[in-house]
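Reader: I should like to go through the descriptive terms applied to this model and see what supports each of them. Please set the values against the criteria where a criterion is needed.

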Amino acid sequence: MKPSSPPSNFQVMRKARFSPILLTFLAFIVFVTILYSQDFRCLFAQFDQLPEHNYQTISATKKNGGQLPFALGETEEECDVFSGKWVRDEVNRPLYEESECPYIQPQLTCQEHGRPDKEYQYWRWQPHHCKLPSFNATLMLETLRGKRMMFVGDSLNRGQYVSMVCLLQRFIPEDAKSMTTNGSLTVFTAKNYNATIEFYWAPFLVESNSDDAIVHRISDRLVRKGSIIKHGKHWKGVDIMVFNTYVWWMTGQTFKILQGSFDDEVKDIAEVSTEDAYRMGIKTMLRWIKRNMDPKKTRVFFTSMSPSHGKSVEWGGSPNGNCYNETKMIEDPNYWGSDTRKSIMQVLGEEFRKTKVPIILLNITLLSNYRKDAHTSIHKKQWSPLTPEQIANPVSYADCTHWCLPGLQDTWNELLFAKLFYP
């Protein structure tokens, strides 16, 4: 006797009974999935594994649907504009001349202060699998019409700010532009566009004992836990925001955090790891963005760590050298200097992965790591007169943190331009 065969799928389906409520629910799920499939993909993309060196960028499409403000299109599929190589380009570089931009601080005017070569000006960043959009000053100015753009952070972010001003100012008539500074806030105004490009000095983003825009060279640095309102009240109403913070935290393995107020007679100070202190700062920034910036109208960026080049032995140079007299870049694609702390990058990666705040990371760290040739070194205005000992040993006072303009930071703004219009 043959065993009875199991019922066919068709028979099972005939016997199954679906309630009208269940059918309605399933139809709703299918509808929502089709309608918002792109948004779901973008949302889940945030939680993918970070690429090399623990960096991530947030999706171009808002999590609540629709294009991001100011976006004109999207970056080519599979294109990482932060992964590439430097290409020599004497035709299109530099994007402006040092002498034609009066807004560059004397700490960044390398040609004026005796740098004999211009090699550092002739390099263009070329992504591996796509083309970086050319910086279009007219498009940028029209986009900023009636709006505010602000850079918030330390002197490295101020360098990026000045670079942006230099990229735009030559297209504005002389009598239609101005720059003013009032305390921590510097404002460049393009009068015909009713637009401002601003810089706000806040090296830790949160409140600190280094907040004075002029007198801030304090060795015993201290930040106030979770306090960002003092600065943040100046940021409200900004349409395009670019944050940075890193180098001021790098004072050792630990950092001091004030639990109460700077006005307290007896101060409650906790000493924690630099990583934990930095995490507090990043979380506070993200919380402020969530509470104060409308993702339907504003765009927020964070410029990653700007590397310094203080130890030439790390790229095969002399044991006691640094960026002084360096005129060629580092060619090793795997180079990573010890001045750029990976544990801090890990903090950034973790916090940016977890956040639901629409923020885009400008990953300038790896591409800048190669540019030991682009620092101001000794070719800048000095804060104080040099001693005979310093003059005899230029390595001792070379600035291997800041960058000549025009130069590397113009590329940072090209990447900002790309992510603003083609995220």
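**Terms and their grounds**

Author: Helices α5 and α11 are roughly perpendicular to each other. This is a predicted model, and the statement rests on computed axes.

Reader: What makes α5 and α11 roughly perpendicular?

Author: The axes of α5 (residues 155-169) and α11 (residues 408-421) cross at roughly 75°. Angles of 65 to 115 degrees count as roughly perpendicular, and α5 and α11 therefore receive that description. The two axes come within 9 Å.

Reader: Which residues make the contact of α5 with α11, and how do they divide into nonpolar, polar and charged?

Author: On the α5 side they are L156, G159, Q160, S163, M164 and L167. On the α11 side they are Q409, D410, W412, N413 and L416. They divide into 5 nonpolar, 5 polar and 1 charged.

Reader: Where else does α5 lie?

Author: Helix α5 lies across β3 (148-153), β4, β5, β6, β8, β11 and β12. Its direction makes about 165° with β6. Since angles over 145 degrees count as roughly antiparallel, α5 is roughly antiparallel to β6.

Reader: What is the order of the strands in the open sheet of 7 strands, and what is its pairing called?

Author: The order is β4-β5-β6-β3-β8-β11-β12, and the pairing is mixed. Within this sheet, β5 (residues 185-190) and β6 (residues 195-201) run antiparallel and are joined by 6 bridges; T189 stands opposite T196 of β6. By contrast, β8 (residues 240-243) pairs with β11 in the parallel sense over 4 bridges, with R299 of β11 as the bridge partner of I240. Strand β11 also runs parallel to β12 (residues 359-362), again through 4 bridges, and L361 of β12 is the bridge partner of F302.

Reader: What is the handedness of the crossover from β11 to β12?

Author: The chain passes from β11 through helix α8 (residues 342-354) to β12, and this β-α-β crossover is right-handed. The criterion is a clockwise path from the first strand over the helix to the second, with the strands pointing away from the viewer.

Reader: What makes β4 and β12 edge strands?

Author: Each of them, β4 (177-182) as well as β12, pairs on one side only. Neighbouring strands of this sheet are turned by 15° against each other on average, direction ignored.

Reader: Why is β11 called mostly covered?

Author: A residue is buried if its relative accessible area is under 20%, and 5 of the 5 residues of β11 (residues 299-303) are buried. R299, F301 and T303 point one way, while V300 and F302 point the other way. Both groups are buried.

Reader: Which strands stand at the edges of the sheet β7-β9-β10, and why are they left without a neighbour on one side?

Author: This open sheet has 3 strands and mixed pairing. Strands β7 (222-224) and β10 (269-273) stand at the edges, and because each has a single partner strand, one side of each has no neighbour in the sheet. On average, its neighbouring strands are turned by 40° against each other, direction ignored. Strand β9 (residues 254-258) pairs with β10 in the antiparallel sense over 5 bridges, and E271 of β10 is the bridge partner of K256. Helix α7 (residues 274-292) packs on the sheet and touches β7, β9 and β10. The direction of α7 makes about 105° with that of β10.

Reader: How do you know that S368 counts as buried?

Author: The relative accessibility of S368 is 0%. The cut-off for buried is under 20%, so S368 counts as buried. This residue is found in helix α9 (residues 365-369). Leaving out residues up to four places away in sequence, S368 touches P307, H309, W403, L408 and W412.

Reader: What makes W248 count as buried?

Author: W248 has 10% relative accessibility. That value falls under the 20% cut-off, so W248 counts as buried. W248 is found in the loop between β8 and β9. Apart from neighbours within four places in sequence, its contacts are D154, W201, P203, F204, S210, H216, R221 and F255.

How values were computed. Residues are numbered from 1 along each chain as its sequence is written. This is a predicted model: local features need pLDDT of at least 70, side-chain atom pairs count only at pLDDT 80 or more; totals for chains, interfaces and linings use all residues. Side-chain values use heavy atoms; hydrogens and water are left out. Two strands pair if DSSP finds at least two bridges between them. Helices (H or I, at least four residues) and strands (E, at least two) are DSSP runs, numbered from the N terminus. Axes are lines fitted to C-alpha atoms, for helices over the stretch in contact, and angles run from 0 to 180 degrees between N-to-C directions. Contact means heavy atoms within 4.5 Å. Angles under 35 degrees count as roughly parallel, over 145 as roughly antiparallel, 65 to 115 as roughly perpendicular and the rest as oblique. Ala, Val, Leu, Ile, Met, Phe, Trp, Tyr, Cys and Pro count as nonpolar, Asp, Glu, Lys and Arg as charged, and the others, Gly among them, as polar. Buried means under 20% relative accessible area, exposed over 50%, partly exposed in between (1.4 Å probe, protein chains only).
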